[in-house]
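Hi,

Here is the structure I promised to pass on to you. Have a look at it first, and then read on for my notes on what turned up.

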Amino acid sequence: MTTDENAGDEQALTDFGYERVPWHEKRDRVRGVFDSVASRYDLMNDVMSLGLHRLWKRFTLARTGLKPGQAALDVAAGSGDLSLGLARRVGAAGRVVVTDINARMLAGARDRLLNAGLVGNVAFVQADAEALPFRNRSFHCISIGFGLRNVTDKAAALRSMRRVLKPGGRLLVLEFSKPRLGALEPLYDLYSFQVLPRLGRLVADDAASYRYLAESIRRHPDQDSMLELMRAQGFERCECFNLSAGIVALHVGVRL
Ligand SMILES: C[S@@+](CC[C@H](N)C(=O)[O-])C[C@H]1O[C@@H](n2cnc3c(N)ncnc32)[C@H](O)[C@@H]1O
């Protein structure tokens, strides 16, 4: 894994899946991936996870601690699954800000929430997780679902999210992690590197983006490294919940 110590170094390389690319190029490469898959993103999520992503997101939403009337932020919101759940939790008296770096994905989220009748107290902002354009101490809860893996400088993103959390506020990081599958591990690899890209070609006409998905999962910090990264950026009471044998993990941290 490339460390975030390279941040700002124009000569430094970072991971884009298994490829090594200049640090400053990763953001555009990631944008290319999500531009390509945006129109089939939701269908592909259901197909490749056999619907499990809905359970992982439900588990996450149950740990927001949000109450009606509070403020929540969804970072790297994609097509807005978590945003929708946050909006339902804070209700009409609350406020939700939905952000993503990619305009197409954000447009999908806007349609999704408008169709669900969630207007008025929901705002949509195109923003990079590394430099969130919000005031210090604005939100009671922040979620980032399957987004941190794609961010170039993960430490900067964690600091940025911590900055805009209110004291006592909670960060929820839902992300693929290191599974403990024992004898089934070769099957997981087979699925990741053989089946996923083929599904990507069939469903989204894009094998490369789903090969990137499999590779980027392998490059993402494992459960314990994520806990360390969060603590190093000032989060406290950090906890990790393994889901589906650690294929996915939810990390929770509090800004005190
Ligand atoms: C795999 S999707 C996840 C979407 C949604 N949160 C979900 O759980 O289904 C990852 C999202 O992260 C966004 N993203 C990637 N890099 C980002 C960054 N630096 N800042 C904000 N969003 C980013 C992408 O545009 C994409 O919409």
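**What I found**

Of the contacts in the chain with a separation of 6 or more, 68% are between residues 24 or more positions apart. Please keep in mind as you read that this is a predicted model.

**The chain as a whole**

There are nine helices and nine strands in the chain. The radius of gyration is 17 Å, which agrees with the value near 18 Å that a compact globule of 256 residues would have. Along the principal axes, the C-alpha atoms fill a box of roughly 45 × 40 × 35 Å. Of the 256 residues, 54% are buried. The accessible surface is about 11700 Å², and carbon and sulfur atoms contribute 51% of that area.

**The sheet**

If you turn to the strands, you will find an open sheet of seven, in the order E5-E4-E3-E6-E7-E9-E8, with mixed pairing. The edges are taken by strand E5 (122-126) and strand E8 (236-243); each has a single partner strand, so one side of each lacks a neighbour in the sheet. From one strand to the next, the twist averages 15 degrees.

I would start with strand E3, residues 71-75. How many of its five residues are buried? The count is five of five, so to speak a strand that is mostly covered. The cover is on both faces: Ala71, Leu73 and Val75 are buried on one side, and Ala72 and Asp74 are buried on the other.

E3 has strand E4 (residues 95-100) as a parallel partner, and four bridges join the two. Within this pair, Leu73 has Val97 of E4 as its bridge partner. To get from E3 to E4 the chain passes through helix H4 (residues 81-90), and this β-α-β crossover is right-handed.

E3 also pairs with strand E6 (residues 139-145), again in the parallel sense and over four bridges. Here Leu73 stands opposite Ile142 of E6. Leu73 is therefore a handy residue to centre your view on, with Val97 as its bridge partner in E4 and Ile142 opposite it in E6.Moving outward from E4, five bridges join this strand to E5, and the two run parallel. Val98 stands opposite Phe124 of E5 in this pairing. E4, H5 and E5 together make a right-handed β-α-β unit.

On the other side of E6, strand E7 (residues 165-176) runs parallel to E6 and is joined to it by six bridges. One pair to look up there is Gly145, which stands opposite Leu174 of E7. Helix H5 (residues 103-115) packs on the sheet, where it touches E4 and E5, and its direction makes about 170 degrees with that of E5.

**A few single residues**

Two loop residues may catch your eye in a Ramachandran plot. Ala76, in the loop between E3 and H4, has a positive phi of about 55 degrees although it is not a glycine. Its relative accessible area is 24%, and Ala76 is partly exposed. Arg137, in the loop between E5 and E6, is another residue other than glycine with a positive phi, near 55 degrees. Arg137 counts as partly exposed, at 47% relative accessibility.

His24 sits in the loop between strand E2 (19-22) and helix H1 (26-37). With a relative accessibility of 44%, His24 counts as partly exposed. Which residue lies 128 residues from His24 in sequence and 8.3 Å from it in space? That residue is Thr152, with the distance taken from C-alpha to C-alpha.

Last on my list is Asn45, in helix H2 (residues 41-49). Is Asn45 buried or exposed? Asn45 is buried, because its relative accessible area is 7%. Leaving aside residues up to four places away in sequence, Asn45 touches His53 and Lys57.

Best wishes

Terms used. Residues numbered from 1 in each chain as written. Predicted model: local features only at pLDDT ≥ 70, side-chain atom pairs only at ≥ 80, totals over all residues. Heavy atoms only, no water. Buried < 20%, exposed > 50% of the residue type's maximum accessible area, 1.4 Å probe, protein only. Pairing = 2+ DSSP bridges. Right-handed = clockwise from strand over helix to strand, strands pointing away. Rg over C-alpha atoms; globule rule 2.2 N^0.38 Å. Contact = heavy atoms within 4.5 Å. Areas by Shrake-Rupley, 256 points an atom, 1.4 Å probe, with all protein chains shown as cover. Axes fitted to C-alpha atoms, helices over the stretch in contact; angles between N-to-C directions.
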